[in-house]
Number of protein chains: 2
Amino acid sequence: MVQKRSGRPRSFDPEMAVMQAVEVFWAKGYEGASLDDLTKAIGINRPSLYATFGDKRRLFLAAIQAYGQKISGTAVDAFEAAPTLRDAVRTFFQTALENATRPGKPQGCLIGSAAVASANDVEGVGDLIRQMSLRSRARLQARFDQAIADADLPPDFPSERRAALMIELMQGQVHRARIGDSRDAIADGLEDRVSAVLAVQSPNTQNSPS
Amino acid sequence: MVQKRSGRPRSFDPEMAVMQAVEVFWAKGYEGASLDDLTKAIGINRPSLYATFGDKRRLFLAAIQAYGQKISGTAVDAFEAAPTLRDAVRTFFQTALENATRPGKPQGCLIGSAAVASANDVEGVGDLIRQMSLRSRARLQARFDQAIADADLPPDFPSERRAALMIELMQGQVHRARIGDSRDAIADGLEDRVSAVLAVQSPNTQNSPS
DNA sequence: TGCGTTTTGTACTGATTGGTATAGATAGAA
DNA sequence: TTCTATCTATACCAATCAGTACAAAACGCA
């Protein structure tokens, strides 16, 4: 049952407030985002922010989690939903690229720029993004393992390494977006990235020059 | 000839001062590094810093350039110095990985974390790292083009795309280092990265499963 | 209506920020 | 030595920072 609370009702939606905070942190980083920036973007005043989220640090952690679920997580979701394996890998990179180069939004990735920059200085950030990264990697690897079991991939396919490689390649895309490369320019390398992830093992490296 | 200047001589080496600033910015980012942090690390006081470098922003730009030449640039240097193409690519990734996981130093890359995070907020940072990235990419591409001319690579080898891919993969490594992955763990994917860069074109994608 | 409870708005806090004024210190040149 | 130029050291500045005290406002409930 829902606990009815009396008192003045909250005049804003905390979930929408977090998404506004996401954009501010995404654009300016943790230290670069002042409380004035945050409260102005959300449209509330300081005491409301502190009563709801605790302090700036915890709002930042909430923003990272919300970003992971509602934005960067969509790439893994699309990966899992795609019909074929190759489509799944391609869709993963495409979705991540779209998220990182959306017009009118900050370019790049909140985690790849703001969170990573403050990972050592803001308590809890490092642990949080490590855990989120591991979870994404595990979801990618799970599909590779399933594909091995279904004989869609050879038995010696290094699923763990390739799942890690996928995230590295995704972060590479995101880096280019952050420094201003256009969506089209980054999309140019898409098939190279897909092929890198799905390349089969070649014991004598016969498919590559010396 | 050297212009002799009278007056009290400077008690520190500006070049070493910049390298100290590199470490502070590398660890804490631009906004996270206070003037107290910087002057304490360098061992000078504020007026000396301002007389020599102008202000915090210009010291940051100097630190980014010094980092690019003396640290991250060593990966491209090693790439150019390696005897064979495959060794060159492997050495590039190895050197970049060592730089990003050196014990006792900040993990990751000053450019990949601090500079990228403040690229939109600190004037000149975005332009500077864009230009540095383009220059590195051009140096990588030049060797690929030479290898094509020498018939060490097939004529249709996409040198521009693969040079961009190399930098993406390098930034992916750097991201993992920043979030705490060990050098050994990251090195595990080294051959995958080398193969991705040097993979030959396969019109029917016959070397990959569907 | 009036009470208890929670949120909101304003105004404030001490601490820290980047940057500087000023005086003393240290060199070469005359 | 004396003059001039440059650097160093201390102490300071206004502005901004994250965080909070307090009173008015807005609800459910009686």
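Mentor: A residue counts as buried if 20 or more other C-beta atoms lie within 10 Å of its own. Keep in mind that this is a predicted model.

Trainee: What share of chain A counts as buried?

Mentor: Of its 210 residues, 45% count as buried. Each residue in that share therefore has 20 or more other C-beta atoms within 10 Å of its own.

Trainee: What makes the pattern of chain A α-α-α-α-α-α-α-α-α-α?

Mentor: Chain A holds 10 helices and 0 strands. A helix here is a DSSP run of H or I with at least four residues, so each α stands for one such run. The C-alpha trace of chain A spans about 70 × 45 × 30 Å along its principal axes.

Trainee: How many of the contacts in chain A link residues 24 or more positions apart?

Mentor: The share is 65%, counted over contacts with a separation of 6 or more. A contact needs C-beta atoms within 7 Å.

Trainee: Now the two chains. How many residues does each give to the contact?

Mentor: Chain A gives 49 residues and chain B gives 49 residues. On chain A, the elements that supply two or more include H1 (14-28), H5 (85-100) and H7 (125-149). H8(A) has the largest share, with 11 residues.

Trainee: What classes of residue make up the side of chain A that touches chain B?

Mentor: There are 17 nonpolar, 20 polar and 12 charged residues. Gly counts as polar in that tally.

Trainee: How do you know how the two copies are related?

Mentor: Take the superposition. A rotation of 180° with 0.0 Å of shift along its axis puts chain A on chain B, at an RMSD of 0.0 Å. The copies are therefore related as by a two-fold rotation axis. The same surface serves both copies, as 100% of the contact residues of chain A recur in chain B.

Trainee: Which residues come nearest to DNA strand C?

Mentor: A:Gly7, A:Arg8, A:Ser48, B:Arg8 and B:Ser34, out of 26 residues around the strand. To count as near, a residue needs its C-beta atom within 6 Å of the strand.

Trainee: Which helices supply at least two residues of the surface near DNA strand C?

Mentor: Helix H3 (46-53) of chain A does, as do H2 (35-42) and H3 (46-53) of chain B. H3(A) gives the most, with 4 residues.

Trainee: What is the class make-up of the surface near DNA strand C?

Mentor: It has 8 nonpolar, 8 polar and 10 charged residues. The charged class takes in Asp, Glu, Lys and Arg, so A:Arg8 and B:Arg8 fall under charged.

Technical notes:
Residues numbered from 1 in each chain as written. Chains lettered and ligands numbered in written order. Predicted model: local features only at pLDDT ≥ 70, side-chain atom pairs only at ≥ 80, totals over all residues. Contact = placed C-beta atoms within 7 Å. Buried ≥ 20, exposed ≤ 12 C-beta atoms within 10 Å, placed from the backbone. Least-squares fit on C-alpha atoms with pLDDT ≥ 70 in both.
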